[in-house]
Amino acid sequence: MNAVTARTPTVASRLPQVGTTIFTVMSALATQHGAVNLGQGFPDFDCDPALLDAVNQAMRAGLNQYPPMAGVPVLREAVARKIERLYGHTYDPGDEITITAGATQAILTAILAVVHPGDEVIVLEPCYDSYVPNIELAGGRVVRVALGAGTFRPDFAAIAAAITPRTRAILVNTPHNPSASVWTPPDLDQLARLLRPTDVLLIADEVYEHMVYDGAVHASASSHPELAARAFVVSSFGKTYHVTGWKVGYVAAPRALAAEFRKVHQFNVFTVNTPVQHGLARYMDDPRPYLELSAFYQRKRDLFRAGLGNTRLRLLPSEGSYFQCVDYSAISDRSEEAFCRWLTSDIGVAAIPLSAFYEDGRNQRLARFCFAKRDETLDSALDRLARL
Ligand SMILES: Cc1ncc(COP(=O)(O)O)c(C=O)c1O
């Protein structure tokens, strides 16, 4: 018999630009140097034991097989009740709420459902790292519009200029990762005015909806009837309930959009973890955990900001989300990536360079910290940062 050489065929990458992310690099560096990791955007504390009990009970009650494709009805009903209560919009839990495998899958699925090859999709930079590859996978063309330099406020003139007959959708993220800026109700009005004469859809990434500070109210697209009529509104239980590893979220959208969403969802994940959905539904009976989340994180934000106030880092506003950005130009003229590497290896605190959220990797001398950490973790980071 002739010897056969096993050979893996070469493939043309669908995402040739994608490599190892800075998040992976910084976390590895943090481990290597024993640094306090304020780079990664997730809590280092556990969730409410009552939520664990609720999921556990669901498992023991035998709720372990495939749920309905769109999610278990009790959870969709709980989500619809919450949205109605907070934002005043009534979604039909039967046809308009879909439970997803985190916000990440919701955003990808919404994009795959509506973006055709050659369609343009507007993203506001800096932006979350999954948006651009998602649009590229759908064959769409990414149109980047910068948020205001230094303010990270939406630039409506620039957004208006970016809209063309080929624009299919715009992605908006508020509260915003990485800048921690938030949209206001007048911002929603301005967006609605721009979109009114068009068929442009809105994909609203609102995973930090329950983290807004200083008395502000989250400006949800679902609170604006005109925008809600053309929006996929996405949120994440992982962020709200300190369980990012569970990867469960939802999308709320008007019937016609939800129907297209579900066509892709059905052949993508099909369904999402049954007992976790039941546990979340039961836990949502009590609104206090999400109503009190802003106060919970505002206290951490204030503790962290007070400590950073003793350093030469200049604090940018943190209006929402669990991020705090700093300008380090009084300390160093290194590039953002070089500064974050040095901060990790020499000072012992990991952060993420803002350049990671821009296509051109621009250097504004800004770094992002995550303050979703135990007070002891924040204190120990502040001890080290005091050297700055
Ligand atoms: C802006 C933004 N959108 C989406 C996600 C993903 O959420 P999930 O973990 O529910 O997929 C994150 C997580 O960091 C995020 O920051």
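Okay, quick definition to start: when I say polar contact, I mean a pair of N or O atoms within 3.5 Å. Keep in mind that what we're looking at is a predicted model.

So, the ligand. Thr-104 puts a polar side-chain atom 2.5 Å from one of the ligand's oxygen atoms. Lys-247 has a polar side-chain atom at 2.6 Å from a ligand oxygen, and for Asn-177 that distance to a ligand oxygen is 2.8 Å. As for burial, on its own the ligand has 400 Å² of accessible area, and the protein covers 92% of that.

Where does the ligand sit? In the second largest pocket. Around the ligand you'll find, among others, Gly-102, Ala-103, Tyr-128, Asn-173, Asp-205 and Lys-239. Helix H4, residues 102-114, gives the largest share of that shell, with three residues. Sorted by class, the shell comes out as four nonpolar, five polar and three charged residues.

Now, the empty space inside. How many cavities of 30 Å³ or more does the structure hold? Four. The largest one has a volume of about 60 Å³. Its lining includes Leu-124, Pro-126, Tyr-131, Leu-147, His-176 and Trp-183. Strand E5, residues 167-173, supplies the largest share of this lining, three residues. And the classes here? Eight nonpolar, two polar and no charged residues line the largest cavity.

One residue to click on before we finish: Asn-173. It's part of the shell around the ligand, and Asn-173 also lines the largest cavity. Okay, that's me done.

Key
Residues are numbered from 1 along each chain as its sequence is written. This is a predicted model: local features need pLDDT of at least 70, side-chain atom pairs count only at pLDDT 80 or more; totals for chains, interfaces and linings use all residues. Side-chain values use heavy atoms; hydrogens and water are left out. A residue is near a molecule or strand if one of its heavy atoms lies within 4 Å of it. A polar contact is a pair of N or O atoms within 3.5 Å; within protein, one must be able to donate a hydrogen and the other to accept it, and residues adjacent in sequence count only if both atoms are side-chain atoms. Accessible areas come from the Shrake-Rupley method with a 1.4 Å probe; for residues, only the protein chains shown count as cover. On a 1 Å grid over the protein atoms alone, a cavity is a set of points where a 1.4 Å probe fits but cannot get out, and a pocket is an open set with protein on both sides within 12 Å along at least five of seven lines; lining residues have an atom within 4 Å of a point. A molecule sits in a cavity or pocket if more than half of its atoms lie within 2 Å of its grid points. Helices (H or I, at least four residues) and strands (E, at least two) are DSSP runs, numbered from the N terminus. Ala, Val, Leu, Ile, Met, Phe, Trp, Tyr, Cys and Pro count as nonpolar, Asp, Glu, Lys and Arg as charged, and the others, Gly among them, as polar. Grid points are joined across faces, edges and corners, and a volume is the space filled by probe spheres set on the points.
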